[in-house]
Amino acid sequence: MKHNDPCFRFLFAVLAIAIFLSACGGDRGSGFVPPIELPDTLIPPSTPPVTRMVYSVINPDDTYDIYSTAIDSASTLILLAKAAQFWTIADGLVIIRDSTGFGRIPASGGTAVYWTDTQNSFLNTVVGRSVISEKSTSNGVEIHVSTLDTTDSFKLAGGSNVRNNYLGNTSGRVVYKSCVYDPDLERCVAPQLHAVAFDGTGDVMLIAGTTQFAGIHGDSGVLYTRYENGQHRLYLGSVFNNTATLLHSTMNQIEIIRSLPNGQISFGEWHDNDETPRDSYVVNSDGLGLRQVSASVQDEVVTGVTATRLIYVNGQAGAYDLYSEKFDGTQTALLASLGNVRLVHITNQGKVVFANRTGTGLQTDDDLYIIDEDGVHLTAIAVNVGQHEFFWGEAPDSRLIYTTQTDHTAQTDLHSVLPDGTGTAVIADSPDYESFWNVTKDNEVIYSRFVNLQQTDLYAASTIGQNTRALAQDPLYEVFHAIVE
């Protein structure tokens, strides 16, 4: 082959490139090919997601127009729907109801898409991408399921003269109550508790008779109460069959039923005689191990749960102390005995925020404190003599948000503080009333300002009171609904 032959020149070029790459590879081996790095100017910048606020303006004729706006100072208002009601946010979509029925529209604007058969409906909930609603018919109430991305809708529960009511869902099954409406008696008869799969299959009657649904327990449990043979009874059933476990039976009303993280259930008893205290109990899911939370002769009411402890108040009206204990009843800790204490929040770190009330009438003074769930490290986070503090929420940066008020007729200001009681910051302190609405994942506080007792405007600011800006300033009332992030 001659040196000037095209094939020879091609092979030579390939060999030269291979030798060059081998030399550049060094210790990495002859097979290493260095990555090609583009200059920053050639890499398209990523577009950060836009956080939007959805709100309504109340018109003089009492209709609502729904808007959205990005929460920055240069945002443009987008009219989503006129004369409509906001319902919920699901998968970045705004769910509304107007004269057409239930519809969905992107928070950034667009054309509303409506579900069929919703004119006489009540939307119950959105689970994932499934929409569960009740539809009134000429002779009953049906339960329907639809999807967010289609107008498909089918009936989960119906029947002639049957009224069905959605209660809850778990494990891909919907729990509902049904009864036959008797027009002569003008009331429901033959009530039943049911569960059915989201695709409408496997309907099971859990129990017949009058029940009071009390919530979902674990992955597939249903808590409910019944009045039988002069006794109030608490049961734990299943969404898959009609088996049930009796957890407790008493002459007293059963109230404040909670599922605990360890699988137990706590509940209270309300005695008909006001002079007899309210008692709280814990029981295993198999009905065994029943114990009273406190042996006190005073009221004890479970008011919250951390990952490992029950939080409860003990005392009588106007004088409550705050306690915690392990789920097995051990390691009881007195959290606060200041006068009239109530739980207001459990932080993401499991710390207990509580308020202590002094004074009466318009001069009520609530102070805010925080303490570890085991009763150590008590810290005052907002204690101002002659001033009422009201707790609102916790931001992602762990700041605790609250308002202050000199009395219950005075204007309110919005503040935040770190959980250790330091770093108190003013979010908003105008001469008007400020009220907290929400806080974004980026620690932007959305709040309303009641201007001159005539209208409300919506504002945003950081949790430390920086970058304050108006989001919506209509001469009419504005009502915050949701944040879409």
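# A guided tour of buried pairs and strands

Both Arg233 and Glu228 are buried, and in this predicted model they make a good place to begin. Select the two residues and display their side chains, which meet in a salt bridge with an N to O distance of 3.1 Å. Now add Arg226 to the selection, since salt bridges that share partners join Arg226, Glu228 and Arg233 into one network.

**A salt bridge between two strands**

Next, select Glu434 and Arg449, which form a salt bridge whose closest N and O atoms are 2.8 Å apart. Glu434 belongs to strand S36, residues 433-439, while Arg449 belongs to strand S37, residues 444-451, so the pair ties together parts that are 15 residues apart in sequence. Glu434 counts as buried at 0% relative accessibility, and Arg449 also counts as buried, at 14%.

**A salt bridge with one exposed partner**

A search of the whole structure finds 12 salt bridges, and one of them is worth setting beside the pairs already visited. Select Lys82 and Asp65, whose side chains meet in a salt bridge at 3.1 Å, N to O. Lys82 sits in the loop between strand S3 (78-81) and S4, and Asp65 sits in strand S2 (residues 64-70), so this contact ties together parts that are 17 residues apart in sequence. Colouring by accessibility will show how the two partners differ: Lys82 counts as exposed, with 53% relative accessibility, whereas Asp65 is buried, with a relative accessible area of 5%.

**The open sheet that begins with S4**

From Lys82, move along the chain to S4 and bring up the open sheet of 4 strands, which has the order S4-S5-S6-S7 and antiparallel pairing. The edges are taken by strand S4 (85-90) and strand S7 (113-114), each of which has a single partner strand, so one side of each is left without a neighbour in the sheet. To look at one pairing in detail, show S4 together with strand S5 (residues 93-97); the two pair in the antiparallel sense over 5 bridges. Within this pairing, select Ile89 and then look across to S5, where its bridge partner is Val94.

**Strand S29 and its two partners**

Now select strand S29, residues 352-358, which is mostly covered, with 5 of its 7 residues buried. On one pairing, strand S28 (residues 341-346) is joined to S29 by 5 bridges, and the two run antiparallel. Here Arg342 stands opposite Ala355 in S29. S28 and S29 form a hairpin with 5 residues between them, and in that turn Gly350 has a positive phi of about 85°. For the other pairing, display strand S30 (residues 365-371), which pairs with S29 in the antiparallel sense over 7 bridges. Select Phe354 to see one of these contacts, as its bridge partner in S30 is Tyr369.

**The disulfide**

For the last stop, select Cys179 and Cys188, which are joined by a disulfide with an S to S distance of 2.1 Å. The structure holds 1 disulfide, and its two ends can be examined separately by accessibility. Which category does each cysteine fall into, buried or partly exposed? Cys179 is buried, with a relative accessible area of 12%, while Cys188 counts as partly exposed at 30% relative accessibility. The cut-off explains the split, because buried means under 20% relative accessible area.

Note on methods: Residues are numbered from 1 along each chain as its sequence is written. This is a predicted model: local features need pLDDT of at least 70, side-chain atom pairs count only at pLDDT 80 or more; totals for chains, interfaces and linings use all residues. Side-chain values use heavy atoms; hydrogens and water are left out. A disulfide is a pair of cysteine sulfur atoms within 2.5 Å. Buried means under 20% relative accessible area, exposed over 50%, partly exposed in between (1.4 Å probe, protein chains only). Two strands pair if DSSP finds at least two bridges between them. A salt bridge is a side-chain nitrogen of Lys or Arg within 4 Å of a carboxyl oxygen of Asp or Glu.
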